[in-house]
Amino acid sequence: MSYRSKWTVIAIVVGASLLLAGASAAFQGVPDTPAPRVPRAEFMQRKLDHTQGLVADLSSGDLKGVSQHADKLGLLCLDEQWNVLGSPEYLERSATLRRTIAELSRAAREEKLDRAQLAFLDLVGQCFSCHNYVRDDRQKR
Ligand code: HEC
């Protein structure tokens, strides 16, 4: 390989890895992308972010925002990182939550604000109840 083409190859490799690094940094900047894997605390924080987004959008009647947050929350539930316990009860609670999120999203798309608000109250109750369950379960061990 000539001296010059060797440098060309090096320049391409360096350029490509810089591009890749930039792309993956940008990728990680998108808050609701489940992959690449993030620390569990950060993953759980995203649940909270979308739930807070839901309160805001349900309060102001922004139904488009509601369905977007609901759909992203629904995706988080499908992520393997969601399955912390894996017990039948945990799986059942997760399935119930997914149904509630689906109803919330449907109500928002059908522009039924009151139905979406009700589904949200149901949803928040399930956050509390599952956290209590997880806490109790750990104390028993
Ligand atoms: C099916 C059970 C389940 C449901 C439903 C659930 N979570 Fe969680 N959540 C967990 C588990 C398990 C953890 C991790 C606890 C740990 O690792 O100590 C967690 C942790 C969190 C955390 C991190 C704070 C902490 O104590 O570590 C936040 C924030 C959170 N959840 C928000 C929510 C919100 C908001 C909802 C409702 C939209 C929700 N969760 C519904 C199981 C659930």
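Helices here are DSSP runs of H or I at least four residues long, and strands are runs of E of at least two, numbered from the N terminus. On that count, the protein chain of this predicted model comes to 5 helices and 0 strands. Going along the sequence, the pattern reads simply α-α-α-α-α. The chain has 141 residues, and 15% of them are buried. Looking at contacts with a separation of 6 or more, 56% link residues that sit 24 or more positions apart.

Confidence comes next. The average pLDDT of the protein chain is 84, and 74% of the residues score at least 70. Among the elements, H4 has the highest mean pLDDT, at 97, while helix H1 (residues 3-29) has the lowest, at 51. Over residues 18-30 the pLDDT drops below 50, and this stretch makes 2 contacts in the model beyond near neighbours in sequence.

Now for the inside of the protein. The largest nonpolar core holds 13 residues, and the members touching the most others are Val 66, Ala 70, Leu 104, Ala 108, Ala 116 and Phe 120. Two or more residues of this core come from each of helix H2 (40-60), helix H3 (63-78), helix H4 (88-109) and helix H5 (113-140). H4 supplies the largest share, with 5 residues.

Helix H3 fits into this picture with a row of buried residues: Val 66, Ser 67, His 69, Ala 70, Lys 72 and Leu 73. These buried residues of H3 pack against H2, H4 and H5. Take Ala 70: setting aside neighbours within four places in sequence, Ala 70 is in contact with Leu 54, Ile 101, Leu 104, Ser 105 and Ala 108. The length of H3 also checks out, because its 16 residues at 1.5 Å a residue should span 22 Å, and the end C-alpha atoms lie 23 Å apart, which agrees.

Phe 120, another member of the core, is found in helix H5. Phe 120 counts as buried because 24 other C-beta atoms lie within 10 Å, where the cut-off is 20 or more. Not counting residues up to four places away in sequence, Phe 120 touches Leu 54, Leu 58 and Leu 104. Leu 54 and Leu 104 also appear among the contacts of Ala 70. The C-alpha atoms of Phe 120 and Thr 100 are separated by 8.0 Å, although the two residues are 20 residues apart along the chain.

Between H4 and H5 there is a loop, and Glu 111 lies in that loop. Glu 111 has a positive phi of about 60° even though it is not a glycine. Glu 111 is partly exposed, because it has 13 other C-beta atoms within 10 Å.

Then there is the ligand. A shell of 17 residues surrounds it, and the closest are Met 44, Leu 48, Val 84, Cys 127 and Cys 130. The elements giving two or more residues to this shell are H2, H4 and H5. By type, the shell around the ligand divides into 9 nonpolar, 5 polar and 3 charged residues. H2, H4 and H5 thus turn up in the shell, and each of these helices also gives two or more residues to the largest nonpolar core.

Definitions and conventions. Residues are numbered from 1 along each chain as its sequence is written. This is a predicted model: local features need pLDDT of at least 70, side-chain atom pairs count only at pLDDT 80 or more; totals for chains, interfaces and linings use all residues. A nonpolar core is a set of buried Ala, Val, Leu, Ile, Met, Phe, Trp, Tyr and Cys residues joined through C-beta atoms within 7 Å. A residue is buried if 20 or more other C-beta atoms lie within 10 Å of its own, exposed if 12 or fewer, and partly exposed in between; C-beta atoms are placed from the backbone. Two residues are in contact if their C-beta atoms, placed from the backbone, lie within 7 Å. A residue is near a molecule or strand if its C-beta atom, placed from the backbone, lies within 6 Å of it. Ala, Val, Leu, Ile, Met, Phe, Trp, Tyr, Cys and Pro count as nonpolar, Asp, Glu, Lys and Arg as charged, and the others, Gly among them, as polar. pLDDT is the predictor's confidence in each residue, from 0 to 100. The expected span of a helix is 1.5 Å times one less than its number of residues.
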